[in-house]
Amino acid sequence: FGIDKNYGYFVSYGSGAIAMGVCVTIFLLGSPGYIHKFLRSQTSTMKPIMKALVVSSRSPRGFIALMGWVLLVPFFVLSFMQAFAEEGSTAATVEAVAAFAISAVMLTCLTYAHLDNSWIRRAPSYDGGGEELVEVDSISEDDIRMTFQTIPVLVVANTVFNFCYTMMIAPFLSQSCQMDLKIGSGQISGSLFNVGDCFAIVLFIPIFEMFIYPFFA
């Protein structure tokens, strides 16, 4: 396209940013025409879920689950600090190792605890006289359990996906710097290796859908 190589990344990512900005602008301009756009559900959700986690933490699985959710805080703090630490410094290495260790414990806790959510109990509410109240405008105990039923799948799937994605955007590109990319009289771009995962997905999805998944099913 006649773009100077020094501005390649800027133009590519800048074009995407401009496109997203246009989309957001169109959305905001059209949103006043939405009907009942400020309509909110009268059913309480987050508060009962949080209270149920705390109350259910008295059981072994409940304690493990609560510990896994609490570990999210130090994990994100350490990850943020490591991203802005000096590259190659001792502090960056320590923060990266600590964040990895915490994430391993966190993911293990969440996956194990939410494989079976029968331990979750809805926290009761009481009136001023000590009588238990029946809250008709709150989600049920089964709804709270169903909220967490996909956590193990999400944890495993996102961990595997992000590992492959990180390999695609960093090591694959770095590896191309040490390779002979010449083909005939031309030379391919090192960014071509970024499509390796995409090619594997397109190639293997039909194989999994037609053969592997039916076999295990």
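These are my notebook entries on one protein chain, looked up in a predicted model.

**Entry 1. Overall layout.**
I began with the secondary structure. The protein chain has nine helices and four strands. I read the order along the sequence as α-α-α-α-α-β-β-α-α-α-β-β-α. Then I checked burial. Of the 217 residues, 19% count as buried. I also looked at contact range. Among contacts between residues at least 6 apart in sequence, 64% join residues at least 24 apart.

**Entry 2. Helix α2.**
I went to α2, residues 46-56, and asked which of its residues are buried. I found Pro48, Ile49, Ala52, Leu53 and Ser56. They sit on the same side of α2, because they cover an arc of only 135° around the axis. The general rule fits here: an α-helix has 3.6 residues a turn, so residues three or four places apart point the same way. Next I turned to the opposite face. Met46, Lys47 and Val54 are exposed there, on the face turned away from the buried side. What covers the buried residues? I noted α3 (60-70) and α6 (141-147) among the covering elements.

**Entry 3. The largest nonpolar core.**
I looked up the largest nonpolar core and counted 19 residues in it. Ile120, Ile144 and Phe148 have the most contacts inside this core. The elements giving two or more residues to it are α2, α4 (72-84), α5 (90-113) and α7 (151-169). Helix α5 gives the largest share, five residues. I then listed the partners of Phe148, leaving out residues up to four places away in sequence. Phe148 touches Ile49 and Leu53, both of which I had noted as buried in α2. Its other partners are Trp69, His114, Asn117 and Ile120.

**Entry 4. α3 against α4.**
I checked how these two helices pack. Their axes are 4 Å apart, at an angle of about 25°. That makes α3 roughly parallel to α4, since angles under 35 degrees fall in that class. On the α3 side I noted Gly68, Trp69 and Val70. They meet Leu72, Val73 and Pro74 in α4. By class, this contact has five nonpolar residues, one polar and no charged ones.

**Entry 5. His114.**
I found His114 in the loop between α5 and β1 (125-126). Is His114 buried or exposed? Its relative accessible area is 1%, so it is buried. Beyond neighbours within four places in sequence, I listed Ala65, Trp69, Trp119, Phe148, Ile151 and Pro152 as contacts. I also took a C-alpha distance. His114 and Thr150 are 36 residues apart in sequence and 8.1 Å apart in space.

**Entry 6. Ile151.**
From His114 I moved to its contact Ile151. Ile151 lies in α7. At a relative accessible area of 13%, it counts as buried, because the cut-off is under 20%. Outside four places in sequence, Ile151 touches Trp69, Leu110 and His114. I looked at Ala113 too. It is 38 residues from Ile151 along the chain, with the C-alpha atoms separated by 9.4 Å. I note that Trp69 touches Ile151, His114 and Phe148.

**Entry 7. Ile3.**
Last, I looked near the start of the chain. Ile3 lies in the segment before α1 (8-30). How accessible is Ile3? Its relative accessibility is 44%, so it counts as partly exposed. Past four places in sequence, Ile3 touches Gly8 and Val11.

Notes:
Residues numbered from 1 in each chain as written. Predicted model: local features only at pLDDT ≥ 70, side-chain atom pairs only at ≥ 80, totals over all residues. Heavy atoms only, no water. Buried < 20%, exposed > 50% of the residue type's maximum accessible area, 1.4 Å probe, protein only. Arc of directions from axis to C-beta. Contact = heavy atoms within 4.5 Å. Core = buried A, V, L, I, M, F, W, Y, C linked by side-chain atoms within 4.5 Å. Axes fitted to C-alpha atoms, helices over the stretch in contact; angles between N-to-C directions. Parallel < 35°, antiparallel > 145°, perpendicular 65-115°, else oblique. Nonpolar A, V, L, I, M, F, W, Y, C, P; charged D, E, K, R; others polar.
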